[in-house]
Amino acid sequence: MQLKLNLIAAASENMGIGINGDLPWRLKSEMAFFTRMTTNTKDPNKKNVVLMGRRTWECIPKKYKPLRKRINMVLSTQTLHLKDEAIPCKSISDALSKISKAPLKDVVESIWVIGGSSVYRAAMESPNFHRLYLTKVLKHFDCDTFFPEIPNNFALTSDPEVPKDTQEENGISFKYLVYQRN
């Protein structure tokens with residue numbers, strides 16, 4: 001069975017995803033969507049992996065680390081000392097290799113790539129790419145980190161778990177988009 005990578009991100013009109021190590025907006029319902037998608041499993045005996053780069057890991061506030069009810073994996077070429085909070089990996093292929101072996105292979109249901117920019121790019125180029133769940137924030141924000149260009153061979157699709165209508169919170173409109181490789 002080939003392991004599938006799902007990417008989940010929120011990006012502004014200018015494809016910004018972060019500024020100064022933080023999100024440029026505060027959207028509680030969008031954060032709840034992220035938590036639901038990356039946490040919920042069909043099999044109650046399994047968990048999902050959240051796969052992220054080292055800087056993304058470092059930007060998560062201490063009180064939220066590790067992300068609860070999920071297996072946290074952190075990509076870095078550096079040696080990381082993460083105690084039992086997260087599993088360090090050298091690359092996406094290293095992470096997939098660890099997930100495909102015991103003890104993880106029997107407990108992992110889905111893999112969610114949660115950032116940052118270079119990890120998203122590598123995941124979209126991976127043969128294991130499955131879907132991109134992109135929350136499009138319909139406003140321009142000043143950002144210093146951006147989502148990579150979405151490849152031309154990605155097409156919009158739908159998922160019954162994803163709201164179809166434009167959402168609004170705090171005067172900011174946003175919509176959930178799901179892409180799959182053609």
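A residue is called buried here when its relative accessible area is under 20%, exposed when that area is over 50%, and partly exposed in between. The exercises below apply this cut-off to a predicted model.

**Exercise 1. Overall form**

Task: Establish what share of the 182 residues is buried, and decide how the radius of gyration relates to the value for a compact globule.

Solution: With the cut-off above, buried residues account for 47% of the 182 residues in the protein. For a chain with 182 residues, a compact globule would have a radius of gyration near 16 Å, and because the protein has 16 Å, the two agree. Along the principal axes, the C-alpha atoms fill a box of roughly 45 × 35 × 30 Å. The secondary structure within this box comprises four helices and 11 strands. Turning to contacts with a separation of 6 or more, 69% of them join residues that are 24 or more positions apart.

**Exercise 2. Surface and charge**

Task: Describe what carbon and sulfur atoms supply to the exposed area, and state how far apart the mean positions of the positive and negative charges are.

Solution: The protein exposes about 10,200 Å², and carbon and sulfur atoms supply 51% of that area. For the charges, the count gives 27 positive and 19 negative ones, whose mean positions are 5 Å apart.

**Exercise 3. Helix 1 and two of its residues**

Task: Compare the span of helix 1 with the expected one, and then determine whether glutamate 30 is buried or exposed.

Solution: Helix 1 covers residues 28-39, and its 12 residues reach 16 Å from the first C-alpha to the last, close to the 16 Å expected at 1.5 Å a residue. Its buried residues are Glu30, Phe33, Phe34, Met37, Thr38 and Thr39. In reading such a list, it helps to recall that an α-helix has 3.6 residues a turn, so residues three or four places apart point the same way.

Glutamate 30 has a relative accessible area of 7%, and is therefore buried, since this value is under 20%. Leaving aside neighbours within four places in sequence, glutamate 30 is in contact with Ala10, Thr135, Glu169, Phe174 and Tyr176. Its C-alpha atom is separated by 16 Å from that of glycine 16, which is 14 residues apart from it along the chain.

Methionine 31, which also lies in helix 1, has 37% relative accessibility and so counts as partly exposed. The C-alpha atoms of methionine 31 and alanine 10, 21 residues apart along the chain, are separated by 9.4 Å.

**Exercise 4. Backbone geometry in the loops**

Task: Where in the structure are proline 103 and glycine 116, and which residues join them through cis peptide bonds?

Solution: Proline 103 sits in the loop between helix 3 (92-99) and strand 6 (108-113), and the peptide bond leading to it from alanine 102 is cis, with omega near 0 degrees. Glycine 116 belongs to the loop between strand 6 and helix 4 (117-125), where a cis peptide bond with omega of about 0 degrees joins it to glycine 115.

Task: Are asparagine 20 and lysine 69 buried or exposed, and what is the phi of each?

Solution: Asparagine 20, in the loop between strand 2 (16-18) and helix 1, has a positive phi of about 50 degrees although it is not a glycine. At 68% relative accessibility, asparagine 20 counts as exposed. Lysine 69, in the loop between helix 2 (54-59) and strand 4 (70-75), has a phi near 60 degrees, again a positive value in a residue other than glycine. Its relative accessible area of 63% is over 50%, so lysine 69 is exposed.

**Exercise 5. A phenylalanine in a loop**

Task: Determine whether phenylalanine 147 is buried or exposed, and list which residues it touches.

Solution: The residue is placed in the loop between strand 8 (145-146) and strand 9 (154-157). With a relative accessible area of 5%, phenylalanine 147 is buried. Not counting residues up to four places away in sequence, phenylalanine 147 touches Ala9, Ala11, Met15, Ile17, Tyr120, Met124 and Leu132. Finally, the C-alpha atoms of phenylalanine 147 and serine 117 are separated by 5.5 Å, with the two residues 30 apart along the chain.

How values were computed: Residues are numbered from 1 along each chain as its sequence is written. This is a predicted model: local features need pLDDT of at least 70, side-chain atom pairs count only at pLDDT 80 or more; totals for chains, interfaces and linings use all residues. Side-chain values use heavy atoms; hydrogens and water are left out. Helices (H or I, at least four residues) and strands (E, at least two) are DSSP runs, numbered from the N terminus. The radius of gyration is taken over C-alpha atoms; the globule rule is 2.2 Å times the number of residues to the power 0.38. Buried means under 20% relative accessible area, exposed over 50%, partly exposed in between (1.4 Å probe, protein chains only). Contact means heavy atoms within 4.5 Å. Accessible areas come from the Shrake-Rupley method with a 1.4 Å probe; for residues, only the protein chains shown count as cover. Lys and Arg count as positive and Asp and Glu as negative; His and the chain ends are not counted. The place of a charge is taken as NZ of Lys, CZ of Arg, CG of Asp or CD of Glu. The expected span of a helix is 1.5 Å times one less than its number of residues.
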